[in-house]
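Thanks for making time this morning; I would like to walk you through one model, beginning with its charged contacts and ending with its surface.

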Amino acid sequence: REAGKVIEQISQQAKVAHVEAALTVDAVARSVRAIVADTLMIEREKIDLDADLADFGVDSLIVVNLHRALEELAGTLPATLFLNYQSVREVAEFLINNHVEQARQLLHSFALLIGQQVEREALLAQLRRANAELSSFALSDPLTDLPNRRALLAELARALARGQREQRLVHVAFVDLDGFKAINDGHGHDV
């Protein structure tokens with residue numbers, strides 16, 4: 001239990017050190033650009049850090065939304081921030097020079113969001129693998145690992161649909177092993 005607390009403290013210190021190392025105008029500007037892009041619903045790469053935000057249609061109504069979105073991640077900031085500073089880089093420089101705690105909080109919030117996204121992607125990959133495994137179980141015989149009746153019917157439906165699309169015939173062969181049940185009953189399924 002004590003070791004878990006120590007590990008958590010070290011992890012927190014590493015996060016703080018990482019945020020401190022990343023506390024640059026460019027890092028804060030990229031975070032602000034992400035907020036602007038999300039608010040305006042445009043691709044982040046389309047927003048030049050030095051471009052006038054008015055060029056992207058930022059008006060007094062949008063400024064309110066930008067300010068609210070930035071405060072949700074960074075904490076309390078001047079309401080006139082986006083009115084006084086016209087570019088993303090100017091906003092970032094203002095934050096670094098006058099509101100370093102909010103700049104730190106902004107980067108920390110983005111670090112958490114990125115961590116959550118990485119965790120989400122890992123969980124999705126795990127879910128895809130589990131679904132593939134379940135699909136394999138559902139479509140194969142557990143004893144022989146050969147395709148089962150459900151797999152046969154699914155593949156037959158695909159082949160018939162493909163044949164119809166391509167206006168081709170589909171040939172099906174059915175093999176029946178006489179006396180196979182007697183072998184299973186007499187010697188067991190493992191044989």
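**Salt bridges and surface patches**

Let me begin with Arg-89, which forms a salt bridge with Asp-50, their closest N and O atoms lying 2.6 Å apart; a salt bridge here is a side-chain nitrogen of Lys or Arg within 4 Å of a carboxyl oxygen of Asp or Glu. This pair links distant parts of the chain, with Arg-89 in helix α5 and Asp-50 in the loop between α2 (25–40) and α3 (60–74), 39 residues apart. Helices are DSSP runs of H or I with at least four residues, strands are runs of E with at least two, and both are numbered from the N terminus.

Before going on, I should say that this is a predicted model, in which local features need a pLDDT of at least 70 and side-chain atom pairs count only at pLDDT 80 or more, while totals for chains, interfaces and linings use all residues. Residues are numbered from 1 along each chain as its sequence is written, and side-chain values use heavy atoms, with hydrogens and water left out.

As for confidence, pLDDT is the predictor's own, given for each residue from 0 to 100, and the protein chain averages 85, with 87% of the residues scoring at least 70. Among the elements of the chain, α5 has the highest mean, 93, and helix α1 (residues 2–22) the lowest, 54.

How exposed are the two partners? Arg-89 is partly exposed at a relative accessible area of 21%, and Asp-50 is also partly exposed, at 48%, where buried means under 20%, exposed over 50% and partly exposed in between, using a 1.4 Å probe and protein chains only.

The count comes to six salt bridges. Another of them joins Arg-104 to Glu-101, with the closest N and O atoms 2.3 Å apart, and because these two residues are three apart in helix α6 (residues 100–139), about one helical turn separates them. Glu-101 counts as exposed at 51% relative accessibility, whereas Arg-104 is partly exposed at 22%.

Turning to the surface, Val-175, Leu-177, Phe-180 and Ile-183 make a nonpolar patch of about 410 Å². Patches consist of residues with over 30% relative accessible area and no salt bridge, like charges being joined within 9 Å and nonpolar side chains (Val, Leu, Ile, Met, Phe, Trp, Tyr) within 5 Å; the areas come from the Shrake-Rupley method with a 1.4 Å probe. Phe-180 is found in helix α8 (residues 180–187) and is partly exposed at 43%.
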